[in-house]
Amino acid sequence: MKGELVIAGLGPGPESWVTPAARAAVEAAEMILGYTPYVNRIAARPGQVIEASDNREELARAKRALAFAAEGKRVAVVSGGDPGVFAMAAAVFEAIEESPALSEGVDIRVEPGVTAMLAAAARIGAPLGHDFCAISLSDNLKPWATIEKRLRLAGQADFVIALYNPASKARPQQIKQAFEILSGVLPPEAVVVFARAVGRSDEEIDVTTLARAADMPCDMRTLVIVGSRATRQVKSADGRAWVYTPRSERS
Ligand code: SAH
């Protein structure tokens with residue numbers, strides 16, 4: 001019997017931000033694997049097996065999921081946000097690249113989700129209205145020198161920059177280093193958005209400037225958006241402050 005492996009995105013938090021397709025894939029699965037906080041969001045139905053693991057075990061989890069699917073099981077691997085953005089989908093394909101036979105007889109599908117930068121952007125207006133990029137600040141999977149180079153060049157190229165994994169208990173300083181690098185190539189008044197726990201009950205959105213950004217609290221539940229030279233603030237008639245990047249740019 002042919003097994004199935006669906007790599008599904010659960011969005012940043014609220015159930016209403018999970019696509020019906022991702023929800024259906026999770027409901028249909030016999031086995032669900034994922035990082036503990038993500039699988040904790042799933043209420044298992046009778047007969048469903050849920051396997052939680054640490055976020056440093058992505059490749060091992062991917063291989064395990066493929067092995068269950070190769071036995072003929074319907075398996076779902078879940079990620080927060082989108083499974084293809086700094087998440088499990090790439091780990092599954094990495095496992096397949098290493099040993100293609102792992103995927104024999106397995107139907108593979110990726111179900112997208114709302115990634116954190118899109119949810120954060122929607123809360124504050126439209127900061128991603130013009131060209132943008134996303135950079136993970138975690139140096140667990142790449143050298144810090146690469147991150148520094150990408151930050152500098154992205155700032156120089158005037159992309160709006162979404163920063164994933166900006167800080168953790170083990171890496172409290174790197175976000176400050178990132179702001180220092182960006183201060184070398186962007187004006188001090190560049191707009192910076194801190195979006196923490198978007199879609200959760202403790203959600204917090206703060207807007208500041210690059211000059212003040214290093215003083216802001218920042219943790220692993222925060223998504224940071226650094227504006228380009230064109231990103232600005234605007235107030236709607238009700239007095240609410242929004243951040244947006246105009247869609248057009250003249251030479
Ligand atoms: N696959 C996920 C990203 C995984 S990397 C996605 O597409 O969103 C984990 C990082 O994503 C966190 O460190 C944080 O920067 C960001 N993130 C995930 N969920 C978030 C949320 N609800 N609010 C703010 N940032 C979030």
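Domain bounds, as used here, come from an automatic or database domain assignment. The model you're looking at is predicted.

Q: Into which domains is the protein chain divided?
A: Start with how the chain is split up. Going along the residue numbers, one part covers 3–114 and another covers 117–244. These parts are called domain 1 and domain 2.

Q: How many residues does the contact take from domain 2?
A: The centres of domain 1 and domain 2, taken over C-alpha atoms, are 28 Å apart. Still, the two have a contact, to which domain 1 gives 10 residues. From domain 2, the number is 12 residues.

Q: Which domains supply the shell around the ligand?
A: Let's turn to the ligand, which takes up the space of the largest pocket. Its shell draws at least three residues from each domain named here. Those are domain 1 (3–114) and domain 2 (117–244).

Q: Which class of residue has 12 members in the shell around the ligand?
A: There are 19 residues around the ligand, and among those that come nearest are Asp82, Thr115 and Met220. Sorted by class, two residues of the shell are charged and five are polar. The class with 12 is nonpolar.

Q: Which residue has a backbone N or O atom 2.9 Å from a nitrogen atom of the ligand?
A: Look at the backbone for this one. A polar backbone atom of Pro12 is 3.2 Å from a ligand nitrogen, and for Arg221 the distance is 3.4 Å. The residue at 2.9 Å is Gly80.

Q: How much of the ligand's accessible area does the protein cover?
A: On its own, the ligand has 540 Å² of accessible area. The share of this that the protein covers is 91%.

Key
Residues numbered from 1 in each chain as written. Predicted model: local features only at pLDDT ≥ 70, side-chain atom pairs only at ≥ 80, totals over all residues. Heavy atoms only, no water. Near = heavy atom within 4 Å. Polar contact = N/O pair within 3.5 Å; in protein donor to acceptor, adjacent residues only side chain to side chain. Areas by Shrake-Rupley, 256 points an atom, 1.4 Å probe, with all protein chains shown as cover. 1 Å grid on protein atoms, 1.4 Å probe; cavity = no way out; pocket = protein on both sides within 12 Å on 5 of 7 lines; lining within 4 Å. Sits in = over half its atoms within 2 Å of the grid points. Nonpolar A, V, L, I, M, F, W, Y, C, P; charged D, E, K, R; others polar. Contact = heavy atoms within 4.5 Å.
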